[in-house]
Amino acid sequence: MRKHILSVCTLFTLVMLLTSCGAQRKSSAGAGSSLGNDGPSAREWRNGLKGKWVLNSVDREDIPAAYTIKNIFDEAPVDCFIGSVWTLPGGNYQGSIAFNASGTLCADGAVRNMVWSVYDIPNDNLHPQFQFKKIYSGEKARNVTTGYRLDLSYSDGQSLVMRMPIPLDNGTGNLVFNFSRVQD
């Protein structure tokens, strides 16, 4: 009996030692929390982003009204993205952006294929970022060197907020992308 108790105590001590020496992880708070240094991990963001999202609005944050933003993602003016549906499947992470806005510079009905992921460097004290590369017909993602990153700010499973930093003469502003989940 004494050997059995000693074995259990030794096993318990070994487990405690191994878990205490493991790498520190970000908080397991769900993607419904506002990000701080203890925000959701990249894996939690990836899982929370999967699905279809419609871009409801793009707001200017700390960007002067006189400052003109001609286009975003080397694609089209901001207004052309309003109403676009972003499909972000899991697995191979090959998604798309389907445009639904009409206008002189908008491509209503156009679909841009992309490869997406969540970028996060451990211990850098920065928020994870949504990153994507546009993939045109015949291209392979590994050969595309141009991509885009948006800071992941908030998600509660039904709404999503991402921020795109915009360098200004005196600091940085943000375009704030407000999405809602499309129910299948």
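In the predicted model, the protein chain exposes about 11400 Å² of surface. Carbon and sulfur atoms supply 52% of this exposed area. Of the 184 residues in the protein chain, 32% count as buried.

The secondary structure of the protein chain consists of 3 helices and 8 strands. Along the sequence, these elements follow the order α-α-β-α-β-β-β-β-β-β-β. One strand therefore stands between the second and the third helix, and the pattern ends in a run of strands. Contacts within the protein chain were also examined by sequence separation. Among those between residues at least 6 apart in sequence, 49% join residues at least 24 apart.

The structure holds 1 disulfide. A disulfide is a covalent bond between the sulfur atoms of two cysteines. Here the bond is formed by Cys-80 and Cys-106, with their sulfur atoms 1.9 Å apart; this distance lies within the 2.5 Å cut-off for a disulfide. The two cysteines are 26 residues apart, and the pair links distant parts of the chain. Cys-80 belongs to helix H3, which covers residues 78-81. Cys-106 is located in the loop between strand E3 (94-98) and strand E4 (111-119). The disulfide thus connects a helix to a loop.

The torsion about the S-S bond of Cys-80 and Cys-106 is about -85 degrees, so the disulfide is left-handed. With regard to solvent exposure, Cys-80 is buried, and Cys-106 is buried as well.

Definitions and conventions
Residues numbered from 1 in each chain as written. Predicted model: local features only at pLDDT ≥ 70, side-chain atom pairs only at ≥ 80, totals over all residues. Heavy atoms only, no water. Helix = DSSP H or I, 4+ residues; strand = E, 2+ residues; numbered from the N terminus. Buried < 20%, exposed > 50% of the residue type's maximum accessible area, 1.4 Å probe, protein only. Contact = heavy atoms within 4.5 Å. Areas by Shrake-Rupley, 256 points an atom, 1.4 Å probe, with all protein chains shown as cover.
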